[in-house]
Structures are given as structure tokens and as C-alpha cells.
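Here are my notes after a look through this one. Have the structure open beside you as you read.

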Amino acid sequence: IAATQPSTNWHLKENARDHHTSKFSSKELIVRRGQAFIVTFNGTEQPEQNLIFIAETGPKPSTLAKTQATFGISSTVSKESWSAVLQSTSSNSVSISISSPPNAVIGRYKLSVQSTTSDSSSPANLGTFVLLFNPWSSGDDVFMPNKAECDEYVLEEFGIIFAGNKSHINSFGWNFGQFQDDILNICLSMLDRSLNYRQDPATDVSHRNDPKYLGRVLSAMVNANDDQGVLLGNWSGNYEGGKSPSSWTGSGEILQNWKKSGFKPVRYGQCWVFAAVLTTVLRCLGIPTRTITNFSSAHDADRNLRVDEFYDASGNHLDRAADSIWNFHVWNESWFSRSDLGPSYSGWQVLDATPQEESGGIYQCGPASRNAIKEGDVDLDYDCPFVFAEVNADCMYWNYDPATGKKTLIFSKSTVIGQFISTKAVGRDDRVDVTNDYKYEEGSKKERDIFKKARKKLGLEDKFDPTAPTPQEIDQKPDISGKFKVAGPLEVGKDLNLILVLANLQSDAKTVHVNMTAWSTVYTRRPVHEIWKDSIPVTLSPKEEKQFPIKISYTEYQQQLTTDNTIQVTALCHVEGGIQVLVQRDITLDNPAIDIQVLGEAKVNKEVDVEVIFTNPIDTEVMDCVLQVEGNDLLRGVLEIDVPPLKASEKSTTKFKLIPFETGPKHLLVNFSCDKFADIKTFKMVNVID
């Protein structure tokens, strides 16, 4: 090897095309494991058969830990180890094709070359490259045979996240932005800031060939608990000192802010923000990943597959239990094989970065095999009991008297939890329901058998539980039934009109005292502010049904509403001589609409005008209006525009310019906020042409 530093041609364009890494905007070579890439270098005077290559990663590269590989030129590619095959030579340069094994450690590598015959023993540095997981390669743990799914779950930067509640599903766009400038570096520094790396860097790096290891580590790093990770969670309804969780439109800004602040946790996240950031990081590293929304999601804090909710005599939902039922919860599924559990547990794996319960002493969750959840195999790694409960727990509703501490069961339900489990369709902006992949049909014998199997594996069948209701309590039959019906639009800015319908199920008259409350909540159904209360005496003649209209005016709820636009309405019916009946409904109010118009054709490197139109629907002025806009390949970073105040019913048109820098279908995401409406979101597909 000549004394001069060899110059290296990494063939960035060709290698990136072959390795599905063209979307990264990096000057560094980024390739996928288990697949060959070409390198040409000059400055070697040696015959090529005398060349030895060294690829190494991490702080203490070692052959034993598989973080260092030394290999010469061979005539064929090895499946088990790193290898180099000669492509061509000229008077002063050599082109070689380097292949890594399909189970190589991922991360940033240094490549150097050495001559076997040269006296100087120090190798010449050819430079660095980054190695990623390879879902296109059949030998990889993350291999995904369907190419359209690889495109969606690894290469797609736009996503749709489902929210709302089970009777009112809504959705919003998200910019994952996994190929934006510097995101890959931030993902790699996340790994180097994990607790595992801090405790034992060399061992941590040697495990980075394993998607289940990385998924678990990153589920801990996306939340700030334990490790100064990326996002600080906040479910209080008060988001001072940070950005409200519902105001984000993409992961890029969050990850960039984390790095810019010297890796201080970004304020604030809630479940979909944690899940979206984890999607970005895993897709960036090459692990196929998607977000999943579970409606009526149980948070079972005590591993008894039961969720307890408490109400006082006035019908107030008491915030006194560790358990809760969220209107919705968002987690992730990543696709990889489970050599630790066996082939029937491979495929989609649940990971959850929202800090809910500790696992192994820190806030992390998964990977839990989705097949294990469906079959009730809750004894398998990792965190299957918690995930099983999220989609299957039984619900118990109790009346609790704070004065005496006495609790009485109102009723129990086994079919409430885990509904309309949703994810975005492959290649389309539609919702796909995956509930049947998590459990057998509610109410079927198979579903109850699996539930019993899970209880048995957790040792719940055999031991007496003093907190559980008695069989007599569970079997008691109410004398009346009730429900809330919606009678009018569910929109922020309009009065909320409901009808309480009560029906006497018996053939004798009933006297009922009804205590009603309405509270604003966050989406976890945690009560925040009381909005309204009322109580009415009701007499029902035999088999009679009566309707009671309820009106909660906009002025009553406007000040109390959280950014989630959710209200919980409850009626606790005290039936004389019978058991209490609880009627409740969770209402999600829709924000007013906002519209995006692209004026003219969007062409690469040409200015195009966009306008965003919003009409103030209420009869008072709205102020502090801010528009934020982002979209991959349409603009860099996030554009913030202050919009002047809008009088009652006034329409505003906000114009701005884009200069798209890539062709193809792109998504523009918009978020509009003001003092009366939080985070009105929409997105528009923009087709950019040459």
C-alpha cells in the first residue's frame, strides 16, 4: 500500500439504488446487510490477492463479538461472513464487491485495507459507511417477502394515524421523515445513549444485529423516563413549557430538537407521538414498522386482566385507580422473525414506547409476538400479559363511597376492550381493521377459552382475589337500561345535544334518581374539568321508555375543553329497591374544517403557490392564530405562519410558496391553532412533476 492515503469511490448512486437507500440525502455510503456493494480505491501498488480488508464498528471492535471482520479477496461471496470479490483492476485502482452476512451488526463501520506483504503494518483507512437491516434479503431476520409492504413499511415517509373513539374514528396525517437530513445520525446516537450502551458499550454493539434487541432498546429510548430519551410524556391537559402533543405534525422536528438541545427530552408527547417517532427510527434503520391504534384500550396496572373504574354517587368518574380504559392507544408493530420463540411466533411484533408500566425495571415494552397475544401465550417474552390485557381485559365498574371506602359493583363487561384495531392500508390512505389478528371473535367460545388460558398462565385462576366481585355481584340483573343518544352535530363551537334514554325492563313501576355529570377529559379518559351537572327524579311505568333531552352549550364547555376535544357524560341511576345503573358516553368533538389548495402544477425546483382557507365558525373573534406546514420533498423543516385574528364568521386565506425538490406523490401537512380551536389538521397529496 502506498504511503499516500488511498482515495475511495463509494459509487454512492449505484449502491444506493441497489440497496433501496436512494432516499437518504447523505454523502456517506448507506447500504443494507446481506447484499454486495461496490467500492473502488486507488493508491495500492500491491497485487490485489495480497489485500486484506477490515470492517469494524463500535468502540471495541472484536472478531469474537462480530463487530470486526477481516477478509481477503475470494472468488465467491460467502453467506456466513464478510467477503470481497474482485470486480476489475486498472493500473492504479481496484474495484471490489464487498458483501456482509445477513446477520451482521448494523451501524456505522470503518473500512480499511492492508497488504499481507507490506512491511508497514498499519492499515490504510478507506472511510466509513453505514450498514442497515435488509427486508429485501431472504436471509435477514426482517425479511418481508411482499415488495409493496417493504415500500410502505420501510420507505414510505407519510403515515396516517387513527384516533377519536370507538363510535367516532378520526384520523390525521404524520410526516415520519425517516430519510430527512441527519435523522439516521440521530437514530444511531439514540442507540449510543441507551442504558445498555452506557453500562457495557461493546456488548450492546455486538447485539445490534438483532431486531428484537434493538426494538426493545428503542422502545425505552423514545420516552424520556430512565434514560433522558427523546420525548417527555404529559397527560395533564396543561402543556405549558412545551408544545402540546396534538400540535406536532411529524417526527423530524422532534428528533432534531432533541439533538439541538444537547439531548434533553422534548416536551411533550402522548401515545401517538411516541409511536410515530419509534416508527421513524425503526424504518430508518430498515426494520419494517407501522403504527396501530387500539380503541377502548385497557391499561391494566396490576396484571389481573381486569380493569376497575370507580364512580361516586353523583356519577363523577373518580381518578383513583391505577387501571384505566383509554379512548384509544397507539403502539407499533415491527416485522421480524423470533428465533427465540419459534417460527409460529414470527411476523408482526408489538412494541410500545409510551411509558405506562415498567418492564425489567425500566419503561419499555415488547417485542410481544402478535400471534402469542392471539393464542393467549402470555408467558412468552416480552410483556405479553400487558399487551394481552390492552385488547382483552374485562371491565368492572364500581360505585365508591369516599367517606366509608366501601365499593359496590355496578356492572362488569367482557366485550368492551380492544375494538376496531386500525392501521393504514399498504399503498393507500385507507383504514384497515386488524382486530381479528389480535383476538378471536368477541363472544365466541374460542375467545373465552383463550382468556381462561391466559388467566391460568398468569396464575389467576387458582388464587383467591379479595378485590374481585363475587359471582352474585356479577350475576345481578338491573331493572332498567339506559343509553345516551347523540341529537345534533358533534362539533367544537356548537352546543352539545344528547338524549338520555331510560327503559324499564320490569313489569312493575320504578322510581329512579338520576345524577348526571359531564367532564372534559384527555383521550385517556382522565377527567380534567367539570363542565355540567344535573339530577332528575324519574318514574317509569311498567316496560316504559322515556327520553330526557340534555343540552350543554358551547359557552359552558368552551373554557374547559382539552386539546383532545373529549367530553365524558355520565348518568348514575339509583333505582329504588334495585341495583344502580351506570350510563356513560365518551364524546369526541370534531374541529371545524380547513382546506388546502395548490394553485397550479407542482414542478421540481419551480415555485408553486399554496393557500390554506379557514372560516371562523363561531360568533366571537378568534386570536393567536398560527399555521404550521410541513411536507417531505416539498419544503425543508417546518414553516410557521402567524395568521391575523378572525372576526365571527370571517374567512381567512393564507398564501405561501413551495419549491418542491423531488418528483412523485408528496404529502403536505397543515396544522392550524388559535385560542378557541386546538390543532386543526389536514393533509393534501401533491403530485410533483418534472
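1. The largest cavity comes to about 80 Å³. Keep in mind that this is a predicted model. In total, the structure holds three cavities of 30 Å³ or more.

2. What lines the largest cavity? The lining is made of Glu-152, Tyr-153, Phe-158, Gly-159, Ile-160, Phe-176, Arg-283, Arg-290, Thr-291, Thr-423 and Lys-424. By class that gives four nonpolar, three polar and four charged residues. Helix 2 (147–155), strand 10 (158–165), strand 14 (289–299) and strand 22 (419–424) are the elements that give two or more residues to this lining. Strand 10 gives the most, with three residues.

3. Now the largest pocket, whose volume is about 850 Å³. Its lining counts 33 residues, and those nearest the centre are Tyr-397, Phe-411, Lys-413, Leu-582 and Gln-584. Two or more lining residues come from each of strand 17, strand 21 (406–413), helix 13 (471–475), strand 24 (480–486) and strand 30 (581–588). Strand 30 is the top contributor here, with six residues. As for chemistry, the lining splits into 14 nonpolar, eleven polar and eight charged residues.

4. Where does the largest pocket lie with respect to the domains? Domain 2 (147–458) and domain 3 (477–588) both give residues to its lining, so the pocket lies between them. If you want to look at how these two domains meet, I'd start there.

5. Strand 17 (residues 324–336) turns up again in the pairing around strand 18: the two run antiparallel and are joined by five bridges. Within that pair, Phe-336 sits opposite Gly-347 of strand 18. Strand 18 also pairs with strand 19 (residues 368–369), again in the antiparallel sense, over two bridges. There, Val-350 has Ala-368 of strand 19 as its bridge partner. Is strand 18 (residues 347–351) mostly covered or mostly open? Mostly covered: five of its five residues are buried.

6. Moving to the N-terminal part, there is an open sheet of nine strands in the order 1-3-7-6-5-4-8-9-2, and the pairing is mixed. Strand 1 (8–9) and strand 2 (29–32) are at the edges with a single partner strand each, so one side of each has no neighbour in the sheet. Further in, strand 4 (residues 51–57) pairs with strand 8 (residues 107–115) in the antiparallel sense, over seven bridges. One position to check in that pair is Ala-55, whose bridge partner in strand 8 is Leu-111.

7. Stepping back to the whole chain, I count on 14 helices and 38 strands. The radius of gyration is 29 Å, close to the 26 Å that the globule rule gives for 690 residues, so the chain is as compact as a globular protein of that length. The C-alpha trace spans about 105 × 65 × 40 Å along its principal axes. Buried residues account for 54% of the 690 residues.

8. Last, the domain layout. The chain is divided into domain 1 (8–132), domain 2 (147–458), domain 3 (477–588) and domain 4 (594–688). How far apart are the C-alpha centres of domain 1 and domain 4? They lie 46 Å apart.

Note on methods:
Residues numbered from 1 in each chain as written. Predicted model: local features only at pLDDT ≥ 70, side-chain atom pairs only at ≥ 80, totals over all residues. Heavy atoms only, no water. Buried < 20%, exposed > 50% of the residue type's maximum accessible area, 1.4 Å probe, protein only. Helix = DSSP H or I, 4+ residues; strand = E, 2+ residues; numbered from the N terminus. Pairing = 2+ DSSP bridges. 1 Å grid on protein atoms, 1.4 Å probe; cavity = no way out; pocket = protein on both sides within 12 Å on 5 of 7 lines; lining within 4 Å. Points joined across faces, edges and corners; volume = space filled by probe spheres on them. Nonpolar A, V, L, I, M, F, W, Y, C, P; charged D, E, K, R; others polar. Domains from an automatic or database assignment. Rg over C-alpha atoms; globule rule 2.2 N^0.38 Å.
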